[in-house]
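Reader: Before I look at the model, could you take me through how its side-chain contacts are to be read?

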Amino acid sequence: MSPRLSPQVFEMRYDQLAPQFKQLAYTDSVKSTLWYATVTTRTVENKAFGVKIGTPVSLLIFRLLSDIPIDLYMVHVERGIEKLYPEMAQGIYDTVEKSGVVEDWLRETN
């Protein structure tokens, strides 16, 4: 059996990242919540993905907490849940656009 590939490419651990998330807004009628964090870290060596150690990176990370299922199955379609996705997607877009976090992050990293 081959060893499992590691997806890790950054030094920062998730437990260091989690407290840095800031809530942006609710994005839809089921109150899905969009969060973001901006962090600076370095890469770790990951030969499987061609990542070299020590490159400084500035990251803008989004996290969505929602009761809407990520995977859509027939049972969800039968309950009409698929109708919630367009509203959620539009809400995410509108929230990010109004917040200016992308523009602020780009300005700070250039």
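Author: Let us begin with a pair of opposite charges, bearing in mind that this is a predicted model. K83 forms a salt bridge with E82, and their closest N and O atoms are 3.8 Å apart, which qualifies because the cut-off is 4 Å. K83 is exposed, at 62% relative accessibility, whereas E82 is partly exposed, at 26%.

Reader: How many salt bridges does the count come to by this rule?

Author: The count comes to 3. Another of them joins the side chains of D104 and R107, with 2.5 Å from N to O; both residues lie in helix α4 (residues 101–109), 3 residues apart, which is about one turn of the helix. D104 is partly exposed at 33% relative accessibility, while R107 is exposed at 58%. D15 also forms a salt bridge, with R13, the closest N and O atoms being 3.1 Å apart, and R13 is partly exposed, with a relative accessible area of 48%.

Reader: What should I know about phi, and which value does K31 have?

Author: Most residues other than glycine have a negative phi. K31, although not a glycine, has a positive phi of about 60°, and its place is in the loop between β1 (22–26) and β2 (33–42). K31 counts as exposed, at 54% relative accessibility.

Reader: Over the face of which residue does K31 lie?

Author: K31 lies over the face of Y26, at 5.4 Å from the ring centre. R63 likewise lies over the face of F21, at 4.2 Å from the ring centre.

Conventions. Residues numbered from 1 in each chain as written. Predicted model: local features only at pLDDT ≥ 70, side-chain atom pairs only at ≥ 80, totals over all residues. Heavy atoms only, no water. Lys NZ or Arg CZ within 6 Å of the ring centre and 35° of its normal. Helix = DSSP H or I, 4+ residues; strand = E, 2+ residues; numbered from the N terminus. Buried < 20%, exposed > 50% of the residue type's maximum accessible area, 1.4 Å probe, protein only.
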